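Let's take a walk through this model together, one region at a time. Keep the structure open beside you and follow along as the names come up.

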Amino acid sequence: METERRVLVVEDERTIAEAVAARLRAEGFVVEVAGDGPSAVEAARRTPPDVVVLDVMLPGFDGLEVCRRLQAERPVPILMLTARDDETDLLVGLAVGADDYMVKPFSMRELAARVHALLRRAQKGLAPAEDAKILRFGDLEINQSERRVSRAGVEAHLTPTEFDLLVHLAAHPRTVLPRERLLADVWGWADASGTRTVDSHIKGLRRKLGSDLIRTVHGVGYALEVER
């Protein structure tokens, strides 16, 4: 029998929290709801969730601080919710360990689909080939077994999604991969509704590993610019 999956919903607007919780329970998840930052951290410590749906704006302390604390104690897939379509906020959220984000108002159907996709990725991961545990391209080294990345001997601390995205790009060096393909292969999404999610994660990789590492082909996608 499959173990029930637990979702922690952190949202201070009661109507939104109840709607999200109801939809996820209908999907078969066990759901706990927290309405502020401190209670969210306490709930995660008391009963570790399999995935967290986390609003950015919260009383107590905000969702970014919740994300930092949760990821420091026990890494967990996090889907952030924001009322502001502000790129800076989104990049900060991804930088502190969020795996994905949605801007309010959002479709409950899409939210449920993204939660399922996060769980599939957490369970499956991107399994490395037996003869390619460590990938090296110039001064870039990707240790797939230990999930560590360094450039010029300096380790970069990537989120789980950033690491999986980099590995996928590294599996096809100098090949332009469309955003839609990256969404399907890395995020497990069947549609192209989240291309900005790809763009935000690429910006995170460039910030941590250097702007010269990944080339943008406008209107198409991205390529890892390295020599074999």
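**Starting at an arginine**

Arg147 is a handy place to begin: with a relative accessibility of 40%, Arg147 counts as partly exposed. Before going further, keep in mind that what you are looking at is a predicted model.

What does the side chain of Arg147 meet in a salt bridge? The partner is Asp164, with N and O 2.9 Å apart. Arg147 sits in the loop between strand E7 (140-143) and strand E8 (148-151), while Asp164 belongs to helix H6 (residues 160-170), so this pair ties together parts that are 17 residues apart in sequence. The two ends of the bridge have different surroundings. Asp164 is buried, because its relative accessible area is 5% and the cut-off for buried is under 20%. Arg147, at 40%, is partly exposed.

Now stay with H6 for a moment. Is this helix mostly covered or mostly open? Mostly covered: 10 of the 11 residues in H6 are buried. Among the buried ones are Phe163, Leu165, Leu166, Val167 and Leu169, and the list also takes in Glu162 and His168. To picture how side chains are arranged around a helix, it helps to know that an α-helix has 3.6 residues a turn, so residues three or four places apart point the same way.

What does H6 lie across? On one hand there are E6, E7 and E8, with H6 running at about 115° to E7. On the other hand, H6 also lies across E10, E11 and E12, and here the angle to E12 is about 75°. Let's look at each of these groups of strands in turn.

E6, E7, E8 and E9 make up an open sheet of 4 strands, in that order, with antiparallel pairing. Strand E6 (134-137) and strand E9 (154-156) are at the edges and have a single partner strand each, so one side of each has no neighbour in the sheet. From one strand to the next, the twist averages 20°. If you zoom in on E8 and E9, you'll find them running antiparallel and joined by 3 bridges. One place to spot this is Ser150, whose bridge partner in E9 is Glu155.

The other open sheet has 3 strands, ordered E10-E12-E11, and its pairing is antiparallel as well. Its edge strands are E10 (177-178) and E11, each of which pairs on one side only. E10 and E12 pair over 2 bridges in the antiparallel sense, and Pro178 stands opposite Gly221 in E12. E11 (residues 214-217) and E12 (residues 221-224) pair over 4 bridges, again antiparallel. There, Ile214 stands opposite Leu224. How many residues lie between E11 and E12 in their hairpin? There are 3, and Gly219 in the turn has a positive phi of about 85°.

Time to move to another part of the chain. By the rule used here, the model has 22 salt bridges, and several of them come together around Lys104. You'll find Lys104 in the loop between E5 and H5. At 14% relative accessibility, Lys104 counts as buried.

Which residues does Lys104 touch, leaving aside neighbours within four places in sequence? They are Glu11, Glu13, Ile16, Asp55, Leu81, Thr82 and Ala83. With Glu11, the side chain of Lys104 makes a polar contact of 3.0 Å. With Glu13, Lys104 forms a salt bridge whose closest N and O atoms are 3.8 Å apart. Glu13 is in the loop between strand E1 (6-10) and helix H1 (14-26), and Lys104 is in the loop between strand E5 (100-103) and helix H5 (108-124), so the pair ties together parts that are 91 residues apart in sequence. Glu13 itself is partly exposed, at 40% relative accessible area.

Asp55 also meets Lys104 in a salt bridge, at 3.3 Å from N to O. This pair links distant parts of the chain, as Asp55 is in strand E3 (residues 51-55) and lies 49 residues from Lys104. At 3% relative accessibility, Asp55 counts as buried. Beyond residues up to four places away in sequence, Asp55 touches Val10, Glu11, Asp12, Gly63, Leu81, Thr82 and Lys104. The UniProt record, in an unreviewed entry, lists Asp55 for "modified residue: 4-aspartylphosphate".

Terms used. Residues are numbered from 1 along each chain as its sequence is written. This is a predicted model: local features need pLDDT of at least 70, side-chain atom pairs count only at pLDDT 80 or more; totals for chains, interfaces and linings use all residues. Side-chain values use heavy atoms; hydrogens and water are left out. Two strands pair if DSSP finds at least two bridges between them. A salt bridge is a side-chain nitrogen of Lys or Arg within 4 Å of a carboxyl oxygen of Asp or Glu. Buried means under 20% relative accessible area, exposed over 50%, partly exposed in between (1.4 Å probe, protein chains only). A polar contact is a pair of N or O atoms within 3.5 Å; within protein, one must be able to donate a hydrogen and the other to accept it, and residues adjacent in sequence count only if both atoms are side-chain atoms. Contact means heavy atoms within 4.5 Å. UniProt positions are given in the numbering used here, feature names are shortened, and annotations may be inferred rather than shown by experiment. Axes are lines fitted to C-alpha atoms, for helices over the stretch in contact, and angles run from 0 to 180 degrees between N-to-C directions.
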